[in-house]
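These are my notebook entries on one protein chain. I set down what I looked up, entry by entry.

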Amino acid sequence: MVKPMHSYVFANRDDHECRRLQRLARLLDPMHRRALEAAEIGREWHTLELGAGLGTISAWIASRTGPGGHVLATDLDTTFLSEARHPDGVVIEQLDAVHDPLPEAAFDLITVRALLHHLPEWRQVVKKCGHALKPGGSLVMVEPDATSSVLNDTPLHHRFWSAWCRWGDGEGIDFQIGHKVAGGMHDAGLDVADATMEVPFYRGGSAWAQFYSQTVDAARPRFARAIDPDLVTAFHQASADPNALMCSFGWIAVTGRRPPGVHEGGTL
């Protein structure tokens with residue numbers, strides 16, 4: 001029986017989406033790597049990445065786990081993963097984070113980035129990841145939190161992100177999920193070891209501005225007129241203005257650990 005797959009807003013697998021993901025990787029990989037370094041990745045670890053995208057983080061993890069390590073890089077659609085070059089030790093696999101089971105107590109480290117906010121069932125996914133960790137293993141998640149958009153001095157920019165979040169709510173996307181992840185880990189029985197938020201402020205025309213403009217353009221077929229077209233146009237104009245200083249999403253990295261000695265049978 002074929003299980004239904006989650007509807008993903010950015011499901012295009014064209015050059016535009018590849019460039020958007022490349023820019024996101026350049027912007028978020030440094031923060032993500034810092035969170036992973038704090039987890040003290042060991043040699044020969046068995047690790048899992050859900051929603052691996054282009055595989056840049058899986059490749060970096062492989063450089064830390066060494067020749068005896070094993071990195072399982074997964075995504076709902078592995079097109080970009082399959083096209084990229086990966087170091088030895090990285091295995092690519094198609095996986096639906098919501099519907100597919102994970103093995104019990106199999107991984108020293110699991111990491112997820114910019115995935116949970118697309119999943120109404122995200123708490124179920126956190127719990128599943130917790131069960132898939134070995135006792136003492138770490139779960140590192142990086143997710144957006146658009147509540148930081150209230151820090152904008154420009155009312156127009158704040159209005160746009162408020163409208164964006166309302167549209168997301170209707171699509172089952174929670175762009176304000178970041179501050180909820182630590183609580184989700186706690187509810188799943190994990191010990192929350194660290195939670196860090198970074199809120200980029202940036203000028204129009206910068207890499208962050210270009211990324212968010214690309215993201216809005218990629219989602220346009222889905223939001224159609226749910227967001228005022230004039231507001232979208234004004235947002236793009238501000239994002240191209242080097243005199244505009246703005247703030248969009250904060251990004252929160254949360255690390256949870258499965259308590260040592262905890263074993264539960266079966267898979268979720």
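**Entry 1: surface and overall form**

How much accessible surface does the protein chain have, and what percentage of it belongs to carbon and sulfur atoms? I found about 12,100 Å² of accessible surface, with 52% of it belonging to carbon and sulfur atoms. I note at the outset that the model is a predicted one.

I next looked up the secondary structure and recorded eight helices and nine strands for the protein chain. Along the principal axes, the C-alpha atoms fill a box of roughly 55 × 40 × 35 Å. I then compared the radius of gyration with the globule rule: a compact globule of 268 residues would have a value near 18 Å, and the 19 Å of the protein chain agrees with this.

Of the 268 residues, 52% are buried. For contacts with a separation of 6 or more, I noted that 78% join residues 24 or more positions apart. I also looked up the charges: the mean positions of the 25 positive and 33 negative charges lie 3 Å apart.

**Entry 2: salt bridges**

How many salt bridges does the count come to? I recorded 10 salt bridges. Side chains of opposite charge can pair when their charged atoms come close. I examined several of these pairs in turn.

I began with Arg-34 and Glu-198, whose side chains meet in a salt bridge at 2.7 Å, N to O. Arg-34 belongs to helix α1 (residues 15-38) and Glu-198 to strand β6 (residues 191-198), so this pair links distant parts of the chain, 164 residues apart. Arg-34 is partly exposed at 45% relative accessibility, and Glu-198 is partly exposed at 31%.

I then turned to Glu-37 and Arg-64, a salt bridge in which the closest N and O atoms are 4.0 Å apart. Because Glu-37 lies in helix α1 and Arg-64 in helix α2 (residues 56-65), the pair ties together parts 27 residues apart in sequence. I classed Glu-37 as partly exposed, given its relative accessible area of 45%. Arg-64 also counts as partly exposed, at 34% relative accessibility.

The next pair I looked up was Lys-134 and Asp-108, with side chains meeting in a salt bridge at 3.3 Å, N to O. Lys-134 is in strand β5 (residues 133-145) and Asp-108 in strand β4 (residues 107-113), so parts 26 residues apart in sequence are tied together. Is each partner buried or partly exposed? Lys-134, at 28% relative accessibility, is partly exposed, whereas Asp-108, at 15%, is buried.

**Entry 3: helix α2 and Asp-29**

Which residues of α2 are buried? I listed Ile-57, Ser-58, Trp-60, Ile-61, Ala-62 and Thr-65. I then asked what these buried residues pack against. Their partners are α1, β1 (46-50), β2 (70-75), β3 (90-94) and β4. After α2 comes Gly-66, and I noted its positive phi, near 80°.

In helix α1 I looked up Asp-29. Asp-29 counts as buried because its relative accessible area is 7%, and the cut-off for buried is under 20%. Leaving aside residues up to four places away in sequence, I found that Asp-29 touches Leu-24, Thr-56, Ile-57 and Arg-113. One of these, Ile-57, is also on the list of buried residues of α2.

**Entry 4: two loop residues**

Where does Gln-176 lie? I placed Gln-176 in the loop between α5 (155-171) and α6 (181-187). At 30% relative accessibility, Gln-176 is partly exposed. Not counting residues up to four places away in sequence, Gln-176 touches Pro-144, Asp-145, Ala-146, Thr-147 and Cys-165. I also looked up the separation from His-99: the two are 77 residues apart along the chain, with 23 Å between their C-alpha atoms.

I closed with Asp-153, found in the loop between β5 and α5. Is Asp-153 buried or exposed? Asp-153 counts as exposed, because its relative accessibility is 74% and the cut-off for exposed is over 50%. From Asp-153 to Gln-22 I recorded 29 Å, C-alpha to C-alpha, for residues 131 apart in sequence.

Note on methods
Residues are numbered from 1 along each chain as its sequence is written. This is a predicted model: local features need pLDDT of at least 70, side-chain atom pairs count only at pLDDT 80 or more; totals for chains, interfaces and linings use all residues. Side-chain values use heavy atoms; hydrogens and water are left out. Helices (H or I, at least four residues) and strands (E, at least two) are DSSP runs, numbered from the N terminus. The radius of gyration is taken over C-alpha atoms; the globule rule is 2.2 Å times the number of residues to the power 0.38. Buried means under 20% relative accessible area, exposed over 50%, partly exposed in between (1.4 Å probe, protein chains only). Contact means heavy atoms within 4.5 Å. Accessible areas come from the Shrake-Rupley method with a 1.4 Å probe; for residues, only the protein chains shown count as cover. Lys and Arg count as positive and Asp and Glu as negative; His and the chain ends are not counted. The place of a charge is taken as NZ of Lys, CZ of Arg, CG of Asp or CD of Glu.
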